[in-house]
Amino acid sequence: MNGLRIGFALSGSFCTFDRVLQEVETLQEAGAEITPIMSFNAAGLDTRFGRAEDFKKRLREITGREPLLTLTEVEPVGPKGLFDVLVVAPCTGTTLGRLANGISDTPVTLAVKSHLRRSRPVILAVSTNDALGASMRSIALLKNTKSIYFVPMSQDDPLNKPNSLVADFERIPDAIIAAQAGTQLQPLFL
């Protein structure tokens, strides 16, 4: 990971932020140069899982960089070739739907669109309660999209949330390595 330029985008699955930030720290410690990106909701909503300002502060402390928070800040991602890879973790059902339908109206989705201009790898770490329901069609479409890869995922609570899937965030580094080689890390479903 030494010297790898990673865009790391967070969308609003707030319950996973602590685990995701641990992986940002792991990548940073491995020598990656990380630029954080946050969706409007991730950057602006206080929830029972924490305050938005606290998450932004932690991202700044870990990466040494200000999170990109606006459409104009992320637009140059592709034209300037800012990243070698772009990770979206957590990637919500809403973000999956936007990406699958070509909607780029948040900093995260526009960063992905812009990054894909150069056919560089995008790694999605799914976290959504409807992955095996309404969001499955988005996952299927994106699975067959050039330069998009997934972090392996599994059901997080099959009895109480039978449609819910969450990525194994600890496998983000492995997914990055596989995506750089043009392959999907397997197995996709754990």
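Is S119 buried, exposed or partly exposed? At a relative accessibility of 41%, S119 counts as partly exposed, because that value falls between the 20% limit for buried and the 50% limit for exposed. The structure described here is a predicted model.

## Residues with unusual backbone geometry

S119 lies in the loop between α6 and β4. Its phi is positive, at about 55°, although S119 is not a glycine. A second serine, S147, also has a positive phi without being a glycine, here of about 75°. S147 belongs to the loop between α7 and β5, and with 11% relative accessibility S147 counts as buried, because buried means under 20%.

Two glycines that follow helices have positive phi values as well. G102 comes just after α5, and G182 comes just after α8. The table lists the four residues with their phi values.

| Residue | Place | Phi |
|---|---|---|
| G102 | just after α5 | about 70° |
| S119 | loop between α6 and β4 | about 55° |
| S147 | loop between α7 and β5 | about 75° |
| G182 | just after α8 | about 80° |

Cis peptide bonds are a further feature of the backbone. One joins A89 and P90, with omega at about -5°, and P90 is placed in strand β3. Another runs from Q186 to P187, with omega near -10°; P187 is found in the segment after α8.

## The nonpolar cores

In soluble globular proteins, nonpolar side chains tend to be buried together. In this model, the largest nonpolar core has 34 residues, and those with the most contacts inside it are I6, F8, I172 and I176. Apart from it lies another core of 26 residues, among them I37, V74, V88 and F150.

The surroundings of I6 give a view into the largest core. Leaving aside residues up to four places away in sequence, I6 touches L27, A32, E33, I34, T35, F83, V85, V87 and I176.

Two of the residues with the most contacts in that core, I172 and I176, are also among the buried residues of helix α8, which spans residues 172–180. The buried residues of α8 are I172, P173, A175, I176, A178 and A179. They pack against strand β1 (5–10), helix α1 (17–29), and strands β3, β4 and β5.

## Helix α5 and its neighbours

Helix α5 covers residues 93–100, and helix α7 covers residues 136–143. The axes of α5 and α7 come within 9 Å and cross at roughly 50°. That angle makes α5 oblique to α7. The crossing of α5 past α7 is left-handed. On the α5 side the contact is made by L96, G97, L99 and A100, and on the α7 side by S138, I139, L141 and L142. By class, this contact has six nonpolar residues, two polar residues and no charged residues.

How does α5 cross α6? The axes of α5 and α6 come within 10 Å, at an angle of roughly 40°, and the two helices are therefore oblique to each other. In this case α5 passes α6 in a right-handed crossing. T95, R98 and L99 of α5 meet V108, T109 and V112 of α6. By class, the contact has three nonpolar, two polar and one charged residues.

The buried residues of α5 are G93, T95, L96, G97 and L99. Their cover includes β3 (85–91), α6 (107–116), β4 (122–128), α7 and β5 (148–150).

## Two further residues

T106 lies in the loop between α5 and α6. With a relative accessible area of 8%, T106 is buried. Beyond residues up to four places away in sequence, T106 touches F40, L71 and R98; R98 is also one of the α5 residues that meet α6.

R60 is placed in helix α3 (residues 52–63). Its relative accessible area of 28% makes R60 partly exposed. With residues up to four places away in sequence left out, R60 touches E53, R65, E66 and P67. R60 and T35 are 25 residues apart in sequence and 9.2 Å apart in space, from C-alpha to C-alpha. T35 is also one of the residues that I6 touches.

Terms used. Residues are numbered from 1 along each chain as its sequence is written. Side-chain values use heavy atoms; hydrogens and water are left out. A nonpolar core is a set of buried Ala, Val, Leu, Ile, Met, Phe, Trp, Tyr and Cys residues joined through side-chain atoms within 4.5 Å. Buried means under 20% relative accessible area, exposed over 50%, partly exposed in between (1.4 Å probe, protein chains only). Contact means heavy atoms within 4.5 Å. Axes are lines fitted to C-alpha atoms, for helices over the stretch in contact, and angles run from 0 to 180 degrees between N-to-C directions. Angles under 35 degrees count as roughly parallel, over 145 as roughly antiparallel, 65 to 115 as roughly perpendicular and the rest as oblique. A crossing is left-handed if the near helix is turned anticlockwise from the far one by less than a right angle, and right-handed if clockwise. Ala, Val, Leu, Ile, Met, Phe, Trp, Tyr, Cys and Pro count as nonpolar, Asp, Glu, Lys and Arg as charged, and the others, Gly among them, as polar.
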